[in-house]
Amino acid sequence: MERKKYESPLTLILHKFLFKPSFDEQFIKKFKILNITDLSIPLNEFLTTHCQSIKAVICGGGAPVSIETLRCLPSLGCVLTVSTGLNHIDLAECKRRGIAVCNAGTIYSEDVADFAVGLLIDVLRRISSADRFVRAGIWPAQCKSPLGSNLGGKRVGIVGLGSIGFKVAKRLEAFGCIISYNSRNKKSTAPFPYYSNVVNLASNNDILVLCCELNKETFHIINKEVMVALGKKGIIINVGRGALIDEKELVQRLVQAKIRGAGLDVFENEPYVPKEFLKLDNVVLSSHKAVITRESFSALHELLIANLDAFFSGKPLVSLVKND
């Protein structure tokens, strides 16, 4: 590869995401961009050779910023992720080097909350199942499709009462659901019962909705003990991260009818989806798309531009993450 020198300030795009043409033009006009999402050589080899002047990096869940990557970028001052979650960024190394980290803030919260409720209604009312029933031509020959269940009055436990979790709770409260929650800390402003233990939360609810971030503490937070506590009639909805759930245990319990159903937008080893899920009529699957709407993408692009503007002009960052 021909060696090319890039001058600062330069923003590196590691994560492939959709630009609207208007925002693409804005990015090119305002910032010097290096987009290497289709790189044909090892990333760190390229960075070491070409990218000593990189000041900012745009990344996402599919493009982790590891300690190895950070070591290749001696001039880096800011990491911007297009996601809310931060598990793909080495936060400890960023803190050590004084690198600011920005995420998507709350721009996805409304859309993800809508999607979580949609998944739950689908699982309960078996909408996707009914769609398959009609498309397969079974309806004329067999008039009765599998029975669904209503949403009103169900006890719903929210795991992670942050921006998304709170919006899910308020939406479900409007349906007449009884809400309680587990979070890192009790929320003084939350009008719902708090459980410090997820097992106890599961024992006292019909449904668990997972909205928390993935970290060392929440990895497999929904394990066998929690699923046993939730019981055979329990339902799990996950719009957080796949590894919040012990996926092998969930597969086993669904196959053995030891849990009623699940609505999953995320998986532990994306894009791999356990083949058992594909055969189960009580599981609704989605391709990690809860955040993907025209509106959220527009908001994301505006946020990225605002953060980069602030960073390069020495002003306070718009969605700075506390990295204590």
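Here a biologist and a modeller talk through how the features of this predicted model get their labels.

Modeller: Quick ground rules: this is a predicted model, so local features need pLDDT of at least 70 and side-chain atom pairs count only at pLDDT 80 or more, while totals for chains, interfaces and linings use all residues. Residues are numbered from 1 along each chain as its sequence is written, and side-chain values use heavy atoms, with hydrogens and water left out.

Biologist: Fine. What makes β7 and β11 the edge strands of their sheet?

Modeller: Helices (H or I, at least four residues) and strands (E, at least two) are DSSP runs, numbered from the N terminus. Two strands pair if DSSP finds at least two bridges between them. This open sheet has six strands in the order β7-β6-β8-β9-β10-β11, with parallel pairing. β7 (178-182) and β11 (283-285) each pair on one side only, and that makes them the edge strands.

Biologist: How do you know that β6 pairs with β8?

Modeller: Count the bridges: four of them join β6 (residues 155-159) to β8 (residues 207-210), against a required minimum of at least two. The two strands run parallel, and I158 stands opposite V209 in β8. On β7, I158 has Y181 as its bridge partner, and β6 and β7 pair in the parallel sense over five bridges.

Biologist: And what holds paired strands together in general?

Modeller: Strands of a sheet pair through backbone hydrogen bonds, either parallel or antiparallel.

Biologist: What about the other sheet, which strands sit at its edges?

Modeller: That open sheet has five strands in the order β2-β1-β3-β4-β5, again with parallel pairing. Its edge strands are β2 (33-35) and β5 (100-102), since each pairs on one side only. The twist averages 20° from one strand to the next; axes are lines fitted to C-alpha atoms, for helices over the stretch in contact, and angles run from 0 to 180 degrees between N-to-C directions.

Biologist: What makes you say helix α12 packs on that sheet?

Modeller: Contact means heavy atoms within 4.5 Å, and α12 (residues 294-313) touches β1, β3, β4 (78-81) and β5. Its direction makes about 160° with that of β3. Under that sheet's pairing, β1 (residues 10-13) and β3 (residues 54-59) share four parallel bridges, with I13 opposite I58.

Biologist: T81 lies in strand β4. Why is T81 called buried?

Modeller: Buried means under 20% relative accessible area, exposed means over 50%, and partly exposed is in between (1.4 Å probe, protein chains only). T81 has 1%, so T81 counts as buried. Not counting residues up to four places away in sequence, T81 touches several residues, including C59, L86, H88 and C102.

Biologist: How do you know that T81 and H88 make a polar contact?

Modeller: A polar contact is a pair of N or O atoms within 3.5 Å; within protein, one must be able to donate a hydrogen and the other to accept it, and residues adjacent in sequence count only if both atoms are side-chain atoms. The side chains of T81 and H88 are at 2.8 Å, so the pair qualifies.

Biologist: Why is there no disulfide at C177?

Modeller: A disulfide is a pair of cysteine sulfur atoms within 2.5 Å. The sulfur of C177 is 13 Å from the closest cysteine sulfur, in C211, so that is too far for a bond. C211 is in no disulfide either: the nearest cysteine sulfur, that of C212, is 7.8 Å away. In total, the structure holds zero disulfides. C177, at 7%, is buried, and C211, at 14%, counts as buried too.

Biologist: Now the rings. Why is the F166 and F192 pair called tilted?

Modeller: Rings of Phe, Tyr and Trp (its six-membered ring) pair if their centres lie within 6.5 Å; planes under 30 degrees apart count as stacked, over 60 as edge-to-face and the rest as tilted. These centres are 6.2 Å apart and the planes are at 50°, so the pair is tilted. F166 sits in helix α7 and F192 in the loop between β7 and α8 (198-203), 26 residues apart.

Biologist: Are those two rings buried or exposed?

Modeller: F166 has 31%, so it is partly exposed, whereas F192, at 7%, counts as buried. The structure holds six aromatic pairs, and F27, F31, F311 and F312 form one aromatic cluster.
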